[in-house]
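Work through the exercises below with the sequence and the structure at hand. Each task is followed by a solution in steps.

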Amino acid sequence: MFNKSALLRISSLLSQPASKNFHLSSTCNEIRKLARLRVVDNSEIGKRAMAEGKPPRCIHVYNKTEVGLIGDRVLVAIKGEKKKAILVGLKQNQKPKVPKFDSNNIVLIDDSGTPLGTRIHVPIPTILRTILKERTHAKGADYTKLLGIASKFV
Amino acid sequence: MLSTTPRLALSRQLKNFRRFATATTTPAEQPVKDKSDTRKNVLEYRQIYPEFLPDPKIEFRNPIREKLERSDMIARRANVDIPEFYVGSVLAVTSADRHSPGKLHRFVGICIKREGCGLRANFLLRNVIDHQGVEILYDMYDPTIKGIEVLRLEKRLDNELLYLRDALPEYSTFDSNMEIEILPEGAPVPVNEIKVKLKPRPWLDRWERKNLKGVQDLELPQRFYDRAKELETPWEKYDLMKQYMRTVPEEEQVEIFSEVQTHLHRSGAAQKLKRKRTFVKPTKLA
């Protein structure tokens, strides 16, 4: 149907990086697989991904329901890599006194729970203190290190 | 004992019939005057204390539960000062936080929604901290709340300011060290007629269909306004039955507010005193 030049033109259009800078689907208020997230720490990979307009996507949620709630661990695809992260602020409605944010925020961590960055530049909900303490076990990963690099609690 | 009162009444009746007649009318007049007072106050009270009115939905009504809730609310108001505020006022809420023991958590923000009745009354505060929009929902009668301060008492043009989520961040940015702005005594609550500029679409809601007064021109193609016009229901304001089902009748409102009036009046007077002099030097006792 198409001649060769038209096909070429279409393929060149598709390969343009500019076409990837916007998304047609609305933001997912619930963290499920393929939900777009926002990195809020100053890790190199996170900063670059956000600056290029290629936000990481959740590819797995480490809980039974597969819906990410505040403090849950997720696996994200960021700049062609797989990284683990913790949800530190959600867009969806929360219980009374738990803050609700305008974006779905994550902080990247490694397998032992150490954050990849050294600073978090948005406020962090205080409820994370309790949640992350509960999730930390003596011999497993220590997630409370994340609280140490937070700049402000809300 | 029993025979004395009728005899006394009889003797009084014999003594001065006219006086007796006036004596019966004056107690009757007194409540009438009170009632007209409360009726006047009801208009004021239902603005200031909307949570005292029950949910008008028939299936949720339960007079005994409502009465118990009201007494609980008054008991709570005796302990913590819950001031008059409206959607659009800037509040500071201080609460005890289970997650950071020994510390009080203070959050400053603009009230963008207020709903619920009875003990379930709540309000939503919004602020932008470090370029990040944050919202916290507070239950008004939550026992962990240590105090609610009204930093700026004002109203806005709309009943809900949820569109601030889609507005430019400067409209919902408030300094956490903001000082209390004191209104001159006896002045009505000012209405802030600011028109908010929204960010370009996509939005969280179809604001063009909400008939908002506090936003600037939305700059949408004409088809959006056409569709909004198709979907609006201008006849609803003439639907008396719908209005009746949505509201609590005035007689009931008078009844409710006359029941709680004395307590509210006391707390209101206390508030005014507090507004006048915020710091009272502690005196040494004994």
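Two strands pair if DSSP finds at least two bridges between them. The model used here is a predicted one.

**Exercise 1. Strand pairing in chain A**

Task: State in which sense β4(A) and β6(A) pair, and over how many bridges.

Solution.
Step 1. The cut-off is at least two bridges.
Step 2. β4(A) and β6(A) share 5 bridges, and their pairing is antiparallel.
Step 3. One position can be checked by eye: Lys84(A) stands opposite Ile109(A) in β6(A).

**Exercise 2. The order of the sheet**

Task: Give the order of the strands in the open sheet of chain A, and name the edge strands.

Solution.
Step 1. The sheet has 5 strands, in the order β1-β6-β4-β3-β2 (chain A).
Step 2. β1 (38-39) and β2 (57-61) of chain A each pair on one side only, and these are the edge strands.
Step 3. β1(A) is joined by 2 bridges to strand β6 (residues 105-109) of chain A, and these two run parallel. Arg38(A) has Asn105(A) of β6(A) opposite.
Step 4. Strand β3 (residues 73-78) and strand β4 (residues 81-89) of chain A are antiparallel, with 6 bridges. Here Val74(A) has Ala85(A) in β4(A) as its bridge partner.
Step 5. With both parallel and antiparallel neighbours present, the pairing in the sheet is described as mixed.

When you look along any regular strand, keep one rule in mind: side chains alternate between the two faces of the sheet.

**Exercise 3. Unusual backbone angles**

Task: Which residues of chain A have a positive phi although they are not glycine, and where do they lie?

Solution.
Step 1. Start from the usual case: most residues other than glycine have a negative phi, and most peptide bonds are trans.
Step 2. Leu34(A) has a positive phi of about 75°. Leu34(A) is in the loop between α1 (4-14) and β1 of chain A. Its relative accessibility is 53%, so Leu34(A) counts as exposed.
Step 3. Glu66(A) has a positive phi of about 65°. The loop between β2 and β3 of chain A holds Glu66(A). With a relative accessible area of 36%, Glu66(A) is partly exposed.
Step 4. Lys79(A) also takes a positive phi, near 50°, in the hairpin of β3(A) and β4(A), which has 2 residues between the strands.

Task: Where in chain B does a cis peptide bond occur?

Solution.
Step 1. The cis bond joins Arg201(B) and Pro202(B), with omega about 5°.
Step 2. Pro202(B) belongs to the loop between β5 (145-152) and α4 (222-231) of chain B.

**Exercise 4. Elements and burial in chain B**

Task: How many helices and strands are there in chain B, and in what sequence do they come?

Solution.
Step 1. Chain B has 6 helices and 5 strands.
Step 2. Read from the N terminus, they run α-α-α-β-β-β-β-β-α-α-α.
Step 3. Of the 286 residues in chain B, 37% are buried.

**Exercise 5. Aromatic rings**

Task: Why does the ring pair of Tyr45(B) and Phe257(B) count as stacked?

Solution.
Step 1. Rings pair if their centres lie within 6.5 Å, and planes under 30 degrees apart count as stacked. The model has 6 aromatic pairs over all chains.
Step 2. The rings of Tyr45(B) and Phe257(B) have centres 5.5 Å apart and planes at 25°, so the pair is stacked.
Step 3. The pair links distant parts of the chain, 212 residues apart: Tyr45(B) is in helix α2 (residues 17-48) and Phe257(B) in helix α6 (residues 250-276) of chain B.
Step 4. Buried means under 20% relative accessible area. Tyr45(B), at 9%, is therefore buried, and Phe257(B), at 1%, is buried too.
Step 5. The rings of Tyr49(B) and Phe52(B) are edge-to-face, because their planes stand at 85° with the centres 6.0 Å apart. Tyr49(B) and Phe52(B) are both buried.
Step 6. Ring pairs join Tyr45(B), Tyr49(B), Phe52(B) and Phe257(B) into a cluster.

**Exercise 6. Charges over rings**

Task: Over which ring does the charged end of Arg129(A) sit?

Solution.
Step 1. The ring is that of Phe153(A), with the charged end 4.1 Å from its centre.
Step 2. In chain B, the charged end of Lys155(B) sits over the ring of Tyr86(B), 4.7 Å from its centre.

Methods: Residues are numbered from 1 along each chain as its sequence is written. Chains are lettered from A and ligands numbered from 1 in the order in which they are written. This is a predicted model: local features need pLDDT of at least 70, side-chain atom pairs count only at pLDDT 80 or more; totals for chains, interfaces and linings use all residues. Side-chain values use heavy atoms; hydrogens and water are left out. Rings of Phe, Tyr and Trp (its six-membered ring) pair if their centres lie within 6.5 Å; planes under 30 degrees apart count as stacked, over 60 as edge-to-face and the rest as tilted. Helices (H or I, at least four residues) and strands (E, at least two) are DSSP runs, numbered from the N terminus. Buried means under 20% relative accessible area, exposed over 50%, partly exposed in between (1.4 Å probe, protein chains only). A charge sits over a ring if NZ of Lys or CZ of Arg is within 6 Å of the ring centre and within 35 degrees of the ring normal.
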